[in-house]
Amino acid sequence: MFRIIEKSNLAKDITRLVVEAPDIAAKAQAGQFVVIVSKKNSERIPLTIADSDRTKGIVTIIFQEVGFSTRELGALNAGGSLQHILGPLGTPTHIENFGAVLCVAGGVGIAELLPVARSFKKAGNRLLAIIGARTKESIILEDELKQAADELFITTDDGSYGKGGLVTDTLKGLLTVIEKSTHSKYPDLVYTVGPVAMMRAVSELTKLYQIKTIVSLNPIMVDATGMCGSCRVSVGGKTMFGCVDGPEFDGHLVDFAELQKRLNSFKEKEECLNKMCPRKE
Ligand SMILES: Cc1cc2nc3c(=O)[nH]c(=O)nc-3n(C[C@H](O)[C@H](O)[C@H](O)COP(=O)(O)OP(=O)(O)OC[C@H]3O[C@@H](n4cnc5c(N)ncnc54)[C@H](O)[C@@H]3O)c2cc1C
Ligand code: FES
């Protein structure tokens, strides 16, 4: 059992748990994830390690309650415990001093971005970040990202905070300004994490400018150790496993249409389960 030592709500339906897991905290690197089993017989769900502290032996997970298992996890409280937490899993982010890195994150992807953004900055990169959500209340970790980034741009779909519109509108605006300026140069790397449609749009845009782009994918995972094949994704025509070869891949080579189709394949069953554990109002 793994003790939950802190719980907080970052936004409606977005929860942060700090969990005692010294073995995982000792090895965790940016871009890696854990598999959580909330209670005996619960489903296994992959969640990014949003933060970790080796000295204290703790890891932080931040998740959006989107269905049965994330709501089951969100119902646990500080002082309680998780049945299992397995990790760190996945290939860590390739961190080096690329020069200038532009990070783009949407929704709960902002939490997944934080450890990666901090690592790029620590490696000496100039760090620009664009974060976006539907509305002001759903923007999370603004202060933490302000600290990590040299420049932070915020967007909301409804215009209630930051710039109105999608993260890709701001990205396009930035790239257009750079294109016209004789003094600035394009970022050396774009890193993006969030909804599939957003990562696809970012990748299509950066392809036009030939800027190398890394996407952090979220395929359906079951064992998360490379054996079941449920997380397979097509990258440059090759089959890769998200859990061991990823979750990060070259965004210009990912077959996003196939990824979205595979993510939708359990929709009916998920909706059935969700009726048993309705959304909080
Ligand atoms: C490497 C990785 C890291 C992730 N990190 C985070 C994170 O830090 N925070 C966060 O909120 N979410 C994260 N996710 C997504 C999270 O795992 C799903 O939201 C969760 O599994 C949904 O389960 P559910 O039963 O609550 O919802 P369901 O109703 O079962 O599903 C809702 C949607 O979540 C996706 N999903 C369902 N089951 C899985 C599964 N086993 N694996 C992956 N996706 C699934 C599907 O797209 C589905 O349509 C991550 C996914 C991956 C693969
Ligand atoms: S989740 Fe089973 S192979 Fe990746």
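Colleague: Pro88 is found in strand β8, and I would like to start there: what makes the peptide bond from Gly87 to Pro88 cis in this predicted model?

Modeller: The omega angle of that bond is near -5 degrees, and on this value the bond from Gly87 to Pro88 is called cis. Most peptide bonds are trans. A second cis bond joins Gly246 and Pro247, where omega is about 15 degrees, and Pro247 has its place in the loop between β16 (238-241) and β17 (248-250).

Colleague: Staying with β8, how do you know that this strand pairs with β3?

Modeller: Two strands count as paired when at least two bridges are found between them, and β3 and β8 (residues 84-89) have four bridges, in the antiparallel sense. One residue pair in this arrangement is Ile36, which stands opposite Ile85 in β8. The strand β3 also pairs with β4 in the antiparallel sense, again over four bridges, and the partner of Val35 in β4 is Pro46.

Colleague: Why is β3 described as largely enclosed?

Modeller: Four of its five residues are buried, so β3 is largely enclosed by the rest of the structure. Buried here requires 20 or more other C-beta atoms within 10 Å of the residue's own.

Colleague: What makes β5 and β7 edge strands of the open sheet?

Modeller: The sheet has five strands in the order β5-β6-β2-β1-β7, with antiparallel pairing. Within it, β5 (51-53) and β7 (81-82) each have a single partner strand, so one side of each is left without a neighbour in the sheet.

Colleague: How do you know that β1 and β7 count as a pair?

Modeller: The cut-off for pairing is at least two bridges, and two bridges join β1 (residues 2-11) to β7, with the strands running antiparallel; the count therefore meets the requirement. The bridge partner of Phe2 in β7 is Leu82.

Colleague: What makes up the contact between the two domains?

Modeller: The chain is divided into domain 1 (2-89) and domain 2 (100-264), whose centres, taken over C-alpha atoms, are separated by 22 Å. The contact takes 18 residues from domain 1 and 18 residues from domain 2. On the side of domain 1 that touches domain 2, β1, β3 (33-37), β4 (45-48) and β6 (58-64) each supply at least two residues, and β6 gives the most, with three residues. That side of domain 1 divides into 12 nonpolar, three polar and three charged residues.

Colleague: Turning to helix α3, how do you know that its end-to-end distance agrees with its number of residues?

Modeller: At 1.5 Å a residue, the 14 residues of α3 (residues 109-122) should span 20 Å, and the end C-alpha atoms are 20 Å apart, which agrees. Even so, α3 bends by about 30 degrees at Pro115. Just after the helix, Gly124 takes a positive phi of about 100 degrees.

Colleague: Why is α3 called largely enclosed?

Modeller: Of its 14 residues, 10 are buried, so the helix is largely enclosed by the rest of the structure. The buried residues of α3 include Gly109, Ile110, Leu113, Leu114, Val116 and Phe120, and Pro115, too, is among them.

Colleague: Why is Ser181 called exposed rather than buried?

Modeller: A residue is exposed if 12 or fewer other C-beta atoms lie within 10 Å of its own, and Ser181 has 9, so it is exposed. Ser181 is found in the loop between α5 (167-180) and β13 (189-193). Its C-alpha atom is separated by 15 Å from that of Leu171, which is 10 residues away along the chain.

Colleague: What makes the phi angles of Asp13 and Ala224 worth a remark?

Modeller: Most residues other than glycine have a negative phi. Asp13, however, has a positive phi of about 75 degrees although it is not a glycine, and Ala224 has a positive phi near 60 degrees. Asp13 lies in the loop between β1 and β2 (14-20), whereas Ala224 lies in the loop between β14 (213-216) and β15 (232-235).

Colleague: Which of the terms buried, partly exposed and exposed applies to Asp13, and which to Ala224?

Modeller: Asp13 has 17 other C-beta atoms within 10 Å, which makes it partly exposed, since that term covers counts between the limits of 12 and 20. Ala224 has 24 other C-beta atoms within 10 Å and is therefore buried.

Note on methods:
Residues are numbered from 1 along each chain as its sequence is written. Chains are lettered from A and ligands numbered from 1 in the order in which they are written. This is a predicted model: local features need pLDDT of at least 70, side-chain atom pairs count only at pLDDT 80 or more; totals for chains, interfaces and linings use all residues. Domain bounds come from an automatic or database domain assignment. Two residues are in contact if their C-beta atoms, placed from the backbone, lie within 7 Å. Ala, Val, Leu, Ile, Met, Phe, Trp, Tyr, Cys and Pro count as nonpolar, Asp, Glu, Lys and Arg as charged, and the others, Gly among them, as polar. The expected span of a helix is 1.5 Å times one less than its number of residues. The bend at a residue is the angle between axes fitted to the seven residues ending there and the seven starting there.
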